[in-house]
Amino acid sequence: MPVSVEPTSVELTETTSDQEPEALRPHAEDAFAGELAALAAQDDRPRPARWKLSPWAVATYLLGGTLSDGTVISPKYVGPRRIIEVAVTTLATDRALLLLGVPGTAKTWVSEHLAAAVSGDSTLLVQGTAGTPEEAIRYGWNYAQLLAHGPSRDALVPSPVMRAMAEGMTARVEELTRIPADVQDTLITILSEKTLPIPELGQEVQAVRGFNLIATANDRDRGVNELSSALRRRFNTVVLPLPDSVEAEVDIVSRRVGQLGRSLDLPAVPDGVDEIRRVVTVFRELRDGITADGRTKVKSPSGTLSTAEAISVVTSGLALAAHFGDGVLRPSDVAAGILGAVVRDPAADRVVWQEYLEAVVRERDGWKDFYRACREVSA
């Protein structure tokens, strides 16, 4: 016998709470609004046109320090001071800035914080991919408006770069070398003439004072979409190096994992400092092809084993410890993450990892628990 089912209705209600939902990853200008405000209040040095802070204050924001009123500015970048000073000085000129380095050297992180400190807005972003169209850098069209009324400024959809030019702000282009070469060259006129023509309207957008552009590119991507010499000349290139010591890399990983852990309600980082040091040591030795004491040469895997990957491994380990352990980071919590980071090529990288385990990890004092955990997940 057929059964009739009455349709049900779902009532949608609006949230009446006055609080905005907490963002999983706030923009730099929001996450560090207190530090930026404190710097602005203490900053009495000359500022370039439309800059929120002076070059000195921008560098202090990235490198950290203590202000005259006792406010502590946390470091966003741990590395040579001169690199940040050159990057900030470049943005104060009419040359664009290209941050170059291997994956995981904090290019995107530095780019975001530079834009936040200089313009107070890090969101004018073009994400470079193999499919990035010219419109993402120049402008697009609202096709409903275009068909109804023809080409007009109302029908034009400005790109982040066009908006930055018109408002005197800092635009960002991530992974520039992943963008097709003909699309990359759209930037040449923008960076050399500081003008963006709109031939459909017989108009142009001229950049106002304060406009500049930060691009990032990956050293490993050379040959994918090589920058033309004409475009490269429009940039001042700053190379971000890998951390030069174990201590520096441990400090970077600890700080960043601490920030991520607090946002995810994970255990405090000091509980896992020993494991962080172990993860960093493994990554550095495999990356460099030699053990820290210089006695044993090892093969390097195909992956980059960057600082960013170390941060990811430790954060995942902390989550395991918090949800399935006693809250203390242990070798068993990071072993699987290290295996996933090292073994990218199942054939070649697995051999590299097994040789490293047996020749280095197995013989190292105090690493027996780590060796057993790695053997267990590698089986």
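User: In this predicted model, what makes α5 a helix that is largely enclosed by the rest of the structure?

Analyst: The model is a predicted one. Of the 13 residues of α5, 12 are buried, so the helix is largely enclosed by the rest of the structure. Buried here means under 20% relative accessible area. The buried residues of α5 are Lys107, Trp109, Val110, Ser111, Glu112, His113, Leu114, Ala115, Ala116, Ala117, Val118 and Ser119.

User: How do you know that the span of helix α5 agrees with its number of residues?

Analyst: The expected span is 1.5 Å times one less than the number of residues. For the 13 residues of α5, residues 107-119, this should give 18 Å, and the end C-alpha atoms are 18 Å apart, which agrees. After α5 comes glycine 120, with a positive phi near 75°.

User: Why is serine 111 called buried?

Analyst: Serine 111 has 0% relative accessibility, and the cut-off for buried is under 20%, so this residue counts as buried. Serine 111 belongs to helix α5. Leaving out residues up to four places away in sequence, serine 111 touches Leu99, Arg172, Glu174, Ile214 and Thr216. Its C-alpha atom is separated by 37 Å from that of valine 360, and these two residues are 249 residues apart along the chain.

User: What makes helix α3 mostly covered?

Analyst: In α3, residues 55-63, 7 of the 9 residues are buried. They are Ala57, Val58, Ala59, Thr60, Tyr61, Leu62 and Leu63. The elements that cover these buried residues include α1 (28-31), α2 (33-42), β1 (65-66), β2 (72-73), α4 (81-91) and α5. Glycine 64, just after α3, takes a positive phi of about 90°.

User: Why is glutamate 226 called partly exposed?

Analyst: The relative accessible area of glutamate 226 is 42%. Partly exposed lies between the limit for buried, under 20%, and the limit for exposed, over 50%, so glutamate 226 is partly exposed. Glutamate 226 is placed in the loop between β10 (212-218) and α10 (229-232). Apart from neighbours within four places in sequence, glutamate 226 is in contact with Gln184 and Arg232. Glutamate 226 and leucine 176 are 50 residues apart in sequence, and their C-alpha atoms are 9.3 Å apart in space.

User: How do you know whether lysine 299 and leucine 305 are buried or partly exposed?

Analyst: Lysine 299 has 48% relative accessibility and counts as partly exposed, whereas leucine 305 has a relative accessible area of 1% and is buried. The cut-offs are under 20% for buried and over 50% for exposed. Lysine 299 is in the loop between α12 and α13, and leucine 305 is also placed in the loop between α12 and α13. Once neighbours within four places in sequence are set aside, lysine 299 is in contact with Leu286, Val352 and Glu355. The C-alpha atoms of lysine 299 and glutamate 285, which are 14 residues apart along the chain, are separated by 9.2 Å.

User: What phi values do arginine 50 and leucine 305 have, and what is the usual sign outside glycine?

Analyst: Most residues other than glycine have a negative phi. Arginine 50 has a positive phi, near 65°, and is not a glycine. Arginine 50 lies in the loop between α2 and α3. Leucine 305 likewise is not a glycine and has a positive phi, of about 50°.

User: What makes up the largest nonpolar core, and which helices each supply at least two of its residues?

Analyst: The largest nonpolar core has 36 residues, and those with the most contacts inside it are Val282, Phe283, Ile338 and Trp353. At least two residues of this core come from each of α11 (246-263), α12 (273-288), α13 (307-324), α14 (331-342), α15 (348-361) and α16 (368-378). Apart from this core lies another, of 35 residues, among them Leu124, Ala155, Ala164 and Phe211. With residues up to four places away in sequence not counted, tryptophan 353 touches Val282, Leu286, Ile338, Leu339, Val342, Val343, Cys374 and Ser378.

User: How many helices and strands does the protein chain have, and what share of its residues is buried?

Analyst: The protein chain has 16 helices and 11 strands. Of its 379 residues, 46% are buried. Among contacts with a separation of 6 or more, 71% are between residues 24 or more positions apart.

Technical notes: Residues are numbered from 1 along each chain as its sequence is written. This is a predicted model: local features need pLDDT of at least 70, side-chain atom pairs count only at pLDDT 80 or more; totals for chains, interfaces and linings use all residues. Side-chain values use heavy atoms; hydrogens and water are left out. Helices (H or I, at least four residues) and strands (E, at least two) are DSSP runs, numbered from the N terminus. Buried means under 20% relative accessible area, exposed over 50%, partly exposed in between (1.4 Å probe, protein chains only). Contact means heavy atoms within 4.5 Å. A nonpolar core is a set of buried Ala, Val, Leu, Ile, Met, Phe, Trp, Tyr and Cys residues joined through side-chain atoms within 4.5 Å.
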